[in-house]
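Please read the sequence beside the three-dimensional view, and keep both open while you follow the paragraphs below.

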Amino acid sequence: MGSPEGRFHFAIDRGGTFTDVFAQCPGGHVRVLKLLSEDPANYADAPTEGIRRILEQEGRMLLPRDRPLDTSRIASIRMGTTVATNALLERQGERVALLVTRGFRDLLHIGTQAREDLFDLAVPMPEVLYEEVLEVDERVVLHRGEPGTGTPVKGRTGDLLQVQKPVDLGALRGKLEGLLSRGIRSLAVVLMHSYTWAQHEQQVGTLARELGFTHVSLSSEAMPMVRIVPRGHTACADAYLTPTIQRYVQGFCRGFQGQLKDVQVLFMRSDGGLAPMDAFSGSRAVLSGPAGGVVGYSATSYRMEGGQPVIGFDMGGTSTDVSRYAGKFEHVFEASTAGITLQAPQLDINTVAAGGGSRLFFRSGLFVVGPESAGAHPGPACYRKGGPVTVTDANLVLGRLLPASFPCIFGPGEDQPLSPEASCKALGAVAAEVNSFLTNGPCPASPLSLEEVAMGFVRVANEAMCRPIRALTQARGHDPSAHVLACFGGAGGQHACAIARALGMDTVHIHRHSGLLSALGLALADVVHEAQEPCALSYAPETFAQLDQRLSHLEEQCVDALQAQGFPRSQISTESFLHLRYQGTDCALMVSAHQHPATARSPRAGDFGAAFMEMYMREFGFVIPERPVVVDDVRVRGTGHSSLRLEDTPKVQTGPPRVDKMTQCYFEGGYQETPVYLLGELGCGHKLQGPCLIIDCNSTILVEPGCQAEVTETGDILISVGAEAPSTVGTQLDPIQLSIFSHRFMSIAEQMGRILQRTAISTNIKERLDFSCALFGPDGGLVSNAPHIPVHLGAMQETVQFQIQHLGADLHPGDVLLSNHPSSGGSHLPDLTVITPVFWPGQTRPVFYVASRGHHADIGGITPGSMPPHSTTLQQEGAVFLSFKLVQGGVFQEEAVTEALRAPGKIPGCSGTRNLHDNLSDLRAQVAANQKGIQLVGELIGQYSLDVVQAYMGHIQANAELAVRDMLRAFGTSRQARGLPLEVSAEDHMDDGSPIRLRVQINLTQGSAVFDFSGTGPEVFGNLNAPRAITLSALIYCLRCLVGRDIPLNQGCLAPVRVVIPRGSILDPSPEAAVVGGNVLTSQRVVDVILGAFGACAASQGCMNNVRGEPGARGLNLLIRKDGRTVNLGGKTSVPVYPGDVFCLHTPGGGGYGDPEDPAPPPGSPQQAPAFPERGSVYEYRRAQEAV
């Protein structure tokens, strides 16, 4: 980033709290500056103020704030900003109207129905961004070749379409004028199939602009990709945010003479590329701020480490951003922020609610960090504004932060230093809770010191931040230990060594400007222009010429756009991508042929087929060579290389590093003398043994014992992470270790799930994510179950424990079991459970079990799909496995399992499995997932010993039990205080009138309850019977929801509960009863009844609401025949349909909870804190899993 012309280059990251300024000054030296993003008493705009201060300091002249700045000495300004993100989070964007095809006015309001939290009983409906909706009279449909439909038109994808109804512009004109009269000036236009045929959107856009709308976002231009819901959200976000960004940009320009006309001004986009300010749009700006940090470490840490893959770890006050770089940016093309799903290239930055400001709690014997945050105001307790205790306070108590190194900007007057006393007081209150539990709890133990409590919270916070890193790497087939940890952000340096050590990494790279790395990344970033079009071609030799032609056309667009910005052709490079997927699947990968040159059997642009196979194999563990590949989109990314250089290299220092002071820092085992060094005084070659602190004006770096820091020739800090000093963990309960084991056990279940999703082949498991993975103790009791499918939560335990009792001594190393029978803990037959007992040297019985349950699309039976609506016996529903050895002595029993899957074909009217290949592939994937679990638990045993791991399996179950007992006591105490009995009841009915009755008796002293389903209706002649395991799953799910916070999800949840289910009832039918519908329908009624008994929430789509309030409208299923006849299909049926028939589904509606006459809650009533807006591919995966 040199300045040969003697002018300034500014790179500015305007964050939510601070604005960082990185300036390359004439002569090549660097100035950095950090200031508050909002300080209206002193300046109107932080980036302008930062530029003013540096120009003033360098020019040694006073530059008044009330005058526009002279731009003659400014060559360029690059900026990343959270303006768009904040407007989206706070819903402070432009007033917008949505124009959508008639009949789809509520499409974006309905959205995808994905839930942010599986256990949240008050699921908030995300607010839409538009204020009004206009339905456009137009309709384009895919051409079906029916006679009399007219001449088809050809879309951009090559698909043929039929214009059923042209746009009625005359009728639309008056409606648009009405919007203008109501003050709406921004429009989002979202019409069906516009991704391939955009003419109708273009006509609407032309009319709107003629009428005077200042901004019109067409979905066909914002992101021309199939899937109207995310495309529509993207257009709305663009219309909502772009005017806000434009206003900010215009205001920024007014602070300079000539409105910055002769200065190159570029903004960072979400994809990691810079764009001119007039091309900076809202839908591409949501990650503008964090993207700079990824570019920063990719241009520094990756290069310095010789191309070793890098994990970016950006820990701030409220959250932590995790990302990965291995030679190219990793993008996602659909992601959600603040409830809005955007279709746009975005760097895969995973944000988790764990930062310096994350709050600390002790709940039911467990150390808990976050997700609640203290925020900037009041901030942590040490900020002197009455804030709660946080991770920052814990680090201050441990001596890892030095108040003297912080400016005096705290307290009500913002003129005081950090307060260690406030931290100690706030943490002391939590420590008192911890020690009360330790001395009076179920396993009495010695109390902990204040420092031990602080250390415990820091360790739990570290483990919480390791989980998304493991998920991000292992989900794509990468080993986290093979990476370098690039640490930046204000809080990351205090945790870097511990995070790296926990993940098996041996190197941490901390840039000398780590506190301002996002601003540095802006200085090093390139200018990017992208062009993309939808496609519907197969990837085959006969289409290669067309693909090359389309890629060449897009490449020309990119080159022309970059040349128009002043880049010579020699500084422009392009990269071509094809968005490829196997035919019949939804899992598309954006593939570059960068490392796969063209061959005689590929397009001229490169061998995309080979690149796709390689990428698919790496991510999913297999390929499907016989299946055709489809091209969904063609894309070209053009890059204008800025050829800027960093010239501010520190000089080599002679002599040993100077110790600024000595301090006391607390580590495992107690306080240690810790030297403090100033980063600015360190030079190339200096080596610092841990423990030590390295401090500059923006961050504090902790080098832990056993680690060594070295200053590189560029002035960066390179930490070699040594092995952790061995510590003894016993079998006795330690609440700190309990919290760490809780994260480790849950991480094992999560990683098993990612392996299963990667290696499975069926749509149900790979794309619908209809599976669950779990870890079980030696008695078969559930230890951890990632929150996958609710109906699986408690049922798998029943399956494992049945196998233990059924097989007895007939369990041997190398055996893997298969089961799905309802009487052995099955939910319904398509859910196949694969169980692996794990043996350990010196042990005669299994020491633990792992299991995975996946929904197979077909296992035979009377109808395809294995969900027959009219089954009356279990045999009609497909293949049955009571206790089947899928693997015996290490050998996969393919012949035997094939015979069993085909066996239903011997029953009259039934068929064997109709998709044996997918069954076998998915079963192998389930075995592989179990092996991953075995490997991970083996590593845990190797670290802690078998006795300790088994002990903590028991402790974690006891902790869940304690949480449920606390909830039951609180519920009973609340009723007792209101003079109500400790017995509650509820009743609901199936559509056929079968009652589901529940009576709950609370024992306040023990914190226990009896759930008695006596009086529930008998087994039915049909398939709505629910096996006992279903009711237990519903119960464990409801108990977790009622607890209302994150607790270990395991067998302990049921320990305080005795369940009475009458045999022969619809909830515990005979062994041969049909059950396929009970799993998906009756289970919901059971949940309704349990939650209704506790008065927790209204029923879902049931026939009755037994809580006070208004019942919802019933659903209705209609079949409209081609000849006009309308038939009511009832709630469940199977019926043949023919071309021209229409199925019309009226969803159950409304309903209410509470008395409609009750007044609204008074102002100031307690409200639940808003959930932290997580994002990234790890979050999207979990969100998709929980939405199944």
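In this predicted model, a good place to begin is strand β39 (residues 831–838), which pairs with β40 in the antiparallel sense over 8 bridges. Within that pairing, T836 stands opposite V850 in β40. On strand β36 (residues 771–776), 6 bridges make the join to β40, and these two strands also run antiparallel; here F771 is the residue that stands opposite G854 in β40.

How many of the residues of β40 are buried? Strand β40 (residues 848–855) is mostly covered, with 8 of its 8 residues buried. In a regular strand the side chains alternate between the two faces of the sheet. In β40 this can be followed residue by residue, since F848, V850, S852 and G854 point one way while Y849, A851, R853 and H855 point the other way, and all are buried.

Another group of strands can be found elsewhere in the sequence, where 4 strands form an open sheet in the order β29-β30-β32-β33, with mixed pairing. Because β29 (661–667) and β33 (700–703) stand at the edges of this sheet and each has a single partner strand, one side of each is left without a neighbour in the sheet. From one strand to the next, the twist averages 30 degrees. Looking at one of these pairings, β29 and strand β30 (residues 670–678) are antiparallel and share 7 bridges, and the bridge partner of C665 is Q672 in β30.

We now turn to the helices. Helix α7 (residues 228–253) has 26 residues, which at 1.5 Å a residue should span 38 Å, and its end C-alpha atoms are 36 Å apart, which agrees. Even so, α7 bends by about 30 degrees at L241, and a proline, P243, follows within four residues. Because 22 of the 26 residues of α7 are buried, this helix is largely enclosed by the rest of the structure.

Helix α14 (residues 544–564) offers a second example, for its 21 residues reach 30 Å from the first C-alpha to the last, close to the 30 Å expected at 1.5 Å a residue. An α-helix has 3.6 residues a turn, so residues three or four places apart point the same way. With that in mind, look for the buried residues of α14, among them F544, L547, L551, L554, C558 and L562. Just after α14, G566 takes a positive phi of about 100 degrees.

Two packed helices are described by the angle between their axes and the distance between the axes. The axes of helix α10 (residues 420–440) and helix α11 (residues 450–474) come within 10 Å and cross at roughly 85 degrees, and α10 and α11 are therefore roughly perpendicular to each other. Where they meet, C424, L427, G428, V430 and A431 in α10 face L450, V453, A454 and F457 in α11 as contact partners.

A second pair can be described in this manner: the axes of helix α16 (residues 735–759) and helix α21 (residues 946–977) come within 10 Å and cross at roughly 95 degrees, so α16 and α21 are roughly perpendicular to each other. The residues that meet there include F741 and F745 in α16, and Y952 and I956 in α21.

Finally, consider a single residue, E56, which lies in helix α1 (residues 46–59). Is E56 buried or exposed? Because its relative accessible area is 19%, and buried means under 20%, E56 counts as buried. Leaving aside its neighbours within four places in sequence, E56 is in contact with M61, L62 and L63.

Notes
Residues numbered from 1 in each chain as written. Predicted model: local features only at pLDDT ≥ 70, side-chain atom pairs only at ≥ 80, totals over all residues. Heavy atoms only, no water. Expected span 1.5 Å × (residues − 1). Buried < 20%, exposed > 50% of the residue type's maximum accessible area, 1.4 Å probe, protein only. Pairing = 2+ DSSP bridges. Axes fitted to C-alpha atoms, helices over the stretch in contact; angles between N-to-C directions. Contact = heavy atoms within 4.5 Å. Bend = angle between axes of the 7 residues up to and from the residue. Parallel < 35°, antiparallel > 145°, perpendicular 65-115°, else oblique.
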